[in-house]
Amino acid sequence: MRGILFLHELRQGKGNLLIWTATIGFLLAVCIFLYPEIEGQMGQVSGMFADMGSFSAAFGMDKVDFGQFMGYFAVECGNILGLGGGFFAALLGISSLAKEEGAQTAEFLLSHPVSRRQVVLQKLLAVLAEILVMNGVVMALSFLSALAIGAEPDWHTFGLLFLAYLLLQMEIGAICFGISAFLSRGGMGIGLGIAALLYFLNLIANLTEKAEFLKYITPYSYADGAEIVAADSLEPAYLTVGLCFVLAGIGAAFYWYERKDVGLG
């Protein structure tokens with residue numbers, strides 16, 4: 001049964017994958033195609049945004065030039081992929097292990113010649129595969145949209161942005177995947193709540209230096225588009241802590257699911 005569960009998970013999730021990919025890709029493309037129409041206006045108001053105090057700091061608008069494509073993309077388009085991708089990854093992770101009990105199919109699944117460790121591994125790989133597919137398609141659409149409007153982004157920074165959002169989604173997915181092992185239902189609200197909480201923690205951390213420690217908690221710190229454009233790099237310290245959260249989430253899933261009393265829920 002090796003690999004069969006992985007393929008089953010992909011087939012089962014293809015509808016949601018298509019909807020989320022199409023929605024996020026469409027919104028990003030629209031955002032990019034709007035840029036030539038408002039380029040001149042954004043250049044005029046860029047200074048005003050930079051002087052809006054805490055509001056500007058929260059969204060990183062004091063660090064980038066909205067008159068430049070990369071500044072515009074990092075803040076406007078980046079929020080679409082950051083929030084949309086974060087919610088998508090959270091929903092994938094939080095339902096992965098819990099949905100079998102919720103649908104009362106857990107006992108049937110585990111009656112087959114497949115270990116619980118294999119169940120966790122194949123479901124985890126399916127979650128990561130769906131995140132990779134969504135990001136690959138969205139990134140391609142964004143590249144093509146940028147070329148279509150004649151934009152000349154810094155391709156290195158452009159790539160860093162998408163890498164950061166991919167890592168962000170994998171971290172949120174892994175955290176929710178770990179929590180999923182402890183649930184007997186899908187927990188959609190929990191997943192969305194975690195993604196939203198992590199997003200707002202980064203906004204709070206941007207508002208005041210006293211809250212900067214929150215940046216070590218949320219993956220939105222290393223996927224802050226304005227910071228990436230300004231520094232043209234990712235913050236290694238935040239990435240390291242993020243990796244620890246990923247390992248903790250995955251480790252918790254393997255540990256608890258192997259010991260869990262799986263019933264009909």
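The protein chain folds into ten helices and zero strands, where helices (H or I, at least four residues) and strands (E, at least two) are DSSP runs numbered from the N terminus. Along the sequence the pattern reads α-α-α-α-α-α-α-α-α-α. The model is a predicted one, so local features need pLDDT of at least 70 and side-chain atom pairs count only at pLDDT 80 or more, while totals for chains, interfaces and linings use all residues. Residues are numbered from 1 along each chain as its sequence is written, and side-chain values use heavy atoms, with hydrogens and water left out.

Turning to the chain overall, 47% of its 265 residues count as buried. Here buried means under 20% relative accessible area, exposed means over 50%, and partly exposed lies in between (1.4 Å probe, protein chains only). The accessible surface comes to about 12300 Å², and carbon and sulfur atoms account for 66% of it; these areas come from the Shrake-Rupley method with a 1.4 Å probe, and for residues only the protein chains shown count as cover. Among contacts in the protein chain with a separation of 6 or more, 79% join residues 24 or more positions apart, a contact being heavy atoms within 4.5 Å.

Two pairs show how distant parts of the sequence are placed relative to each other. Gln122, found in helix 6, is buried with a relative accessible area of 4%. Its C-alpha atom is separated by 8.6 Å from that of Ile4, although the two residues are 118 residues apart along the chain. Leu147 also has its place in helix 6, but Leu147 counts as exposed at 52% relative accessibility. The C-alpha atoms of Leu147 and Ile32 are separated by 10.0 Å, with their positions 115 residues apart along the chain.

The interior comes next. In soluble globular proteins, nonpolar side chains tend to be buried together. The largest nonpolar core in this model has 61 residues, and Phe69 and Phe73 have the most contacts inside it. Such a core is a set of buried Ala, Val, Leu, Ile, Met, Phe, Trp, Tyr and Cys residues joined through side-chain atoms within 4.5 Å. At least two residues of this core come from each of helix 1 (4-50), helix 3 (69-96), helix 6 (116-148), helix 7 (155-180), helix 8 (188-207) and helix 10 (236-259). Leaving aside residues up to four places away in sequence, Phe73 touches Ile32, Gly78, Phe158, Leu161 and Phe162.

Aromatic rings offer another view of the structure. A search of the whole structure finds 16 aromatic pairs. Rings of Phe, Tyr and Trp (its six-membered ring) pair if their centres lie within 6.5 Å; planes under 30 degrees apart count as stacked, over 60 as edge-to-face and the rest as tilted. Trp155 and Phe158 form one edge-to-face pair, at 5.5 Å centre to centre and 80 degrees between the planes. These two residues are separated by about one helical turn because they are three residues apart in helix 7. Trp155 is partly exposed, with a relative accessible area of 40%, whereas Phe158 is buried at 0%. Phe158 and Phe162 also form an edge-to-face pair, with 5.5 Å centre to centre and 80 degrees between the planes. Both lie in helix 7, four residues apart, which is about one turn of the helix. An α-helix has 3.6 residues a turn, so residues three or four places apart point the same way. Phe162 counts as buried, at 5% relative accessibility. Ring pairs link Tyr35, Phe69, Tyr72, Phe73, Phe143, Trp155, Phe158 and Phe162 into a cluster.

Helix 8 allows a simple check of geometry. Its 20 residues should span 28 Å at 1.5 Å a residue, and its end C-alpha atoms are 29 Å apart, which agrees; the expected span is 1.5 Å times one less than the number of residues. The buried residues of helix 8 include Gly191, Ile194, Leu198, Tyr199 and Asn202.

Finally, a few local details. The count of disulfides comes to zero, a disulfide being a pair of cysteine sulfur atoms within 2.5 Å. Cys31 is buried, with a relative accessible area of 8%, and Cys77 is buried as well, at 1%. Asp232 has a positive phi of about 55 degrees although it is not a glycine. Asp232 sits in the loop between helix 9 (225-231) and helix 10, and counts as partly exposed at 32% relative accessibility.
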